[in-house]
Amino acid sequence: KQAVEIIGFLNAKAGKHFPTAKTNVDRIVGILASGVSVDDIHAVIAKKVREWGGDPKMSQYLQIGTLFAPRNFHAKYHGQIPPARPE
């Protein structure tokens with residue numbers, strides 16, 4: 001359920017139309033299972049859309065296979081998000 005919502009968020013932010021196919025959902029479920037929060041995933045998507053969305057060369061990487069490949073998400077993108085502040 002959360003993975004489907006995240007795909008919808010990516011589609012809305014990036015102007016894409018990725019389906020909620022099992023392969024796409026499974027990539028995101030793997031990220032969630034590693035302990036990453038939905039809010040952190042949203043933050044990564046929003047940051048990458050801001051960085052890459054206006055660049056024709058980089059906007060092609062606003063896709064599930066790139067964003068949610070574990071070697072990319074954990075090693076590169078998630079570390080760029082500042083930690084949440086305690087309330």
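Y61 sits between the two extremes of accessibility in this predicted model: with 33% relative accessibility, Y61 counts as partly exposed. Its ring partner W52 is a different story to tell, since W52 has a relative accessibility of 9% and so counts as buried. The ring centres of W52 and Y61 lie 6.3 Å apart, and the ring planes meet at 70°, so this pair is edge-to-face. An angle over 60 degrees is what it takes to earn that label.

W52 also has a second ring partner, Y77. Here the distance is 5.7 Å from centre to centre and the angle between the planes is 80°, which again makes an edge-to-face pair. Y77 is buried too, as its relative accessible area comes to just 7%, and the cut-off for being buried is under 20%. In terms of the chain, W52 belongs to helix α3, while Y77 belongs to helix α5, which covers residues 70-77. The pair therefore ties together parts that are 25 residues apart in sequence. Put W52, Y61 and Y77 together and they make up one aromatic cluster. The count of aromatic pairs comes to 3.

Helix α3, the home of W52, also packs against helix α1. Helix α1 runs over residues 2-14 and helix α3 over residues 38-52, and their axes come within 10 Å of each other, crossing at roughly 20°. Angles under 35 degrees count as roughly parallel, so that is how α1 and α3 are described relative to each other. As for handedness, the crossing of α1 and α3 is right-handed.

Which residues make the contact between α1 and α3? On the α1 side they are Q2, E5, I6, F9, L10, K13 and A14. The α3 side puts in V38, I41, H42, I45, A46 and V49. Sorted by class, this contact of α1 with α3 holds 9 nonpolar residues, along with 2 polar and 2 charged ones.

One more residue of helix α1 deserves a look, namely N11. Is N11 buried or exposed? With a relative accessibility of 15%, N11 counts as buried, because the limit for that class is under 20%. Leaving aside residues up to four places away in sequence, N11 touches K16, H17 and F18.

Note on methods:
Residues numbered from 1 in each chain as written. Predicted model: local features only at pLDDT ≥ 70, side-chain atom pairs only at ≥ 80, totals over all residues. Heavy atoms only, no water. Axes fitted to C-alpha atoms, helices over the stretch in contact; angles between N-to-C directions. Helix = DSSP H or I, 4+ residues; strand = E, 2+ residues; numbered from the N terminus. Parallel < 35°, antiparallel > 145°, perpendicular 65-115°, else oblique. Left-handed = near helix turned anticlockwise from the far one by under 90°. Contact = heavy atoms within 4.5 Å. Nonpolar A, V, L, I, M, F, W, Y, C, P; charged D, E, K, R; others polar. Phe/Tyr/Trp six-rings, centres within 6.5 Å; stacked < 30°, edge-to-face > 60°. Buried < 20%, exposed > 50% of the residue type's maximum accessible area, 1.4 Å probe, protein only.
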